Amino acid sequence: MPAPTLIIAANDAVSLGSPMPDTPFYLQLCDRLVALIESGELGPASRLPAERLLAERFATTRVTLRQALSQLESEGRIHRRNRRGWFVSPPRVDYAPDRDQSFTQYVTAQGRRPFTQVLSVCHRPAPPTVAQALAIPPEHTVLQVQRRRYIDDRAVLLERIWLRDDLLPGLSEVDFTASLWQRLHDDYGIDQLRKSLRLYPTALTGTEAETLGVHSGCAGLCVTRITYDRDGRALEYDEDHWLHDAICIRADVDMT
């Protein structure tokens with residue numbers, strides 16, 4: 001179903017109010033667009049009118065309008081889709097790394113629709129970072145799985161997983177659209193003991209940007225994860241590239 005498109009009334013050009021000398025005009029445009037989003041006139045996944053129409057309605061230049069749109073993009077309120085225009089970003093999903101929940105489980109629990117597309121499954125020599133994380137010799141062969149994850153039909157995550165399948169015979173034949181660790185539990189009797197995570201902001205470029213359908217340089221969040229079994233073996237190294245407006249990291253810390 002096509003995303004709804006806002007029809008802006010002709011008098012919106014004068015609805016910004018009197019210009020404030022200390023507030024750049026593009027920030028006034030931001031405030032007006034935020035008001036439309038928060039009022040529900042521009043709902044989640046709504047497509048904004050073309051830049052030319054927006055510039056005309058707000059009586060401004062395309063340059064100034066793009067400043068406002070870029071500002072709202074950096075705040076995670078709107079996003080661009082290649083060759084499709086600007087859209088209002090849906091609410092972020094909460095990701096709690098201290099909980100044992102799969103992508104499908106926590107997305108579904110928040111009333112959203114998850115989908116996983118397996119892009120590739122192949123054996124490769126472990127890059128230095130992966131070899132160090134998995135405590136294996138450099139160039140040791142591991143199983144690499146690449147998956148693209150969707151929320152409500154929007155690609156939000158490119159996931160690269162490296163696995164010690166020398167300890168898990170036949171692993172390359174499992175269904176990687178399902179929960180990996182559920183499969184390890186059911187098929188191999190393996191449970192997670194602990195996870196080691198790193199999170200840092202990044203820019204999505206090259207393969208990451210192309211795979212997620214965004215422009216090169218789009219803001220992103222990288223989450224790396226090493227997962228250990230109950231024998232203390234590092235079985236998985238995972239590198240996730242998220243769209244920055246799609247996820248909120250949440251953790252409950254017990255201070256007692």
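Is Asp166 buried, partly exposed or exposed? Its relative accessible area is 41%, so Asp166 counts as partly exposed. Keep in mind as you look around that this is a predicted model. Asp166 makes a salt bridge with Arg164, and their closest N and O atoms sit 2.9 Å apart. Arg164 comes out at 13% relative accessibility, so that end of the pair is buried.

Let's go from there to strand β9, which covers residues 234-243. Ten of its ten residues are buried, so the rest of the structure largely encloses this strand. Who are its partners? Strand β6 (residues 154-163) pairs with β9 in the antiparallel sense, over seven bridges. To find your place along that pairing, look for Leu158, which stands opposite His241 in β9. Strand β8 (residues 218-229) also runs antiparallel to β9, joined to it by nine bridges. Here a handy marker is Thr224, whose bridge partner in β9 is Glu239. Follow the chain between β8 and β9 and you find a hairpin with four residues between the two strands. Gly232 sits in that turn and has a positive phi of about 80°.

Now stop at Glu239, which is found in β9. With a relative accessible area of 19%, Glu239 is buried, because the limit for that label is under 20%. What does Glu239 touch, once residues up to four places away in sequence are set aside? The list has Leu158, Glu159, Arg160 and Trp162, and also Cys222, Val223 and Thr224. Within β9's own stretch of chain, the side chains of Glu239 and His241 are joined by a polar contact of 3.3 Å. For a longer reach along the chain, try Ala126: Glu239 and Ala126 are 113 residues apart in sequence, yet 13 Å apart in space from C-alpha to C-alpha.

His241 leads us on to another glutamate. Glu208 lies in helix α7, which spans residues 206-212. Leaving out neighbours within four places in sequence, Glu208 is in contact with Leu158, Arg160 and His241. You've met Leu158 and His241 already, as the residues that stand opposite each other. The side chain of Glu208 also makes a polar contact with the side chain of Arg160, at 2.9 Å. Is Glu208 buried or exposed? At 16% relative accessibility, it counts as buried.

Next come the charged pairs. Side chains of opposite charge can pair when their charged atoms come close. How many salt bridges does the structure hold? The count is 23. One of them joins Arg66 to Glu51, with the closest N and O atoms 2.6 Å apart. Arg66 belongs to helix α3 (residues 62-74) and Glu51 to helix α2 (residues 51-57), so this pair ties together parts that are 15 residues apart in sequence. Arg66 is partly exposed, at 42% relative accessibility, while Glu51 is buried, with a relative accessible area of 17%.

Another salt bridge forms between Arg147 and Glu159, where the closest N and O atoms are 2.8 Å apart. That pair links distant parts of the chain, with Arg147 in strand β5 (residues 141-151) and Glu159 in strand β6, twelve residues apart. Both Arg147 and Glu159 are buried. There's a wider picture here too: Arg147 and Glu159 are linked with Arg149, Arg225, Asp238 and Asp240 in a network of salt bridges.

Finally, the cysteines. A disulfide is a covalent bond between the sulfur atoms of two cysteines. How many disulfides are there in this model? The count comes to zero. Take Cys222, one of the residues that Glu239 touches. The closest cysteine sulfur to that of Cys222 belongs to Cys218 and is 14 Å away, so the two are too far apart for a bond. Cys222 is buried, at 1% relative accessibility. Cys248 is in no disulfide either, since its nearest cysteine sulfur, that of Cys222, is 17 Å away and the cut-off is 2.5 Å. With a relative accessible area of 32%, Cys248 is partly exposed.

How values were computed: Residues numbered from 1 in each chain as written. Predicted model: local features only at pLDDT ≥ 70, side-chain atom pairs only at ≥ 80, totals over all residues. Heavy atoms only, no water. Buried < 20%, exposed > 50% of the residue type's maximum accessible area, 1.4 Å probe, protein only. Polar contact = N/O pair within 3.5 Å; in protein donor to acceptor, adjacent residues only side chain to side chain. Contact = heavy atoms within 4.5 Å. Pairing = 2+ DSSP bridges. Salt bridge = Lys/Arg side-chain N within 4 Å of Asp/Glu carboxyl O.
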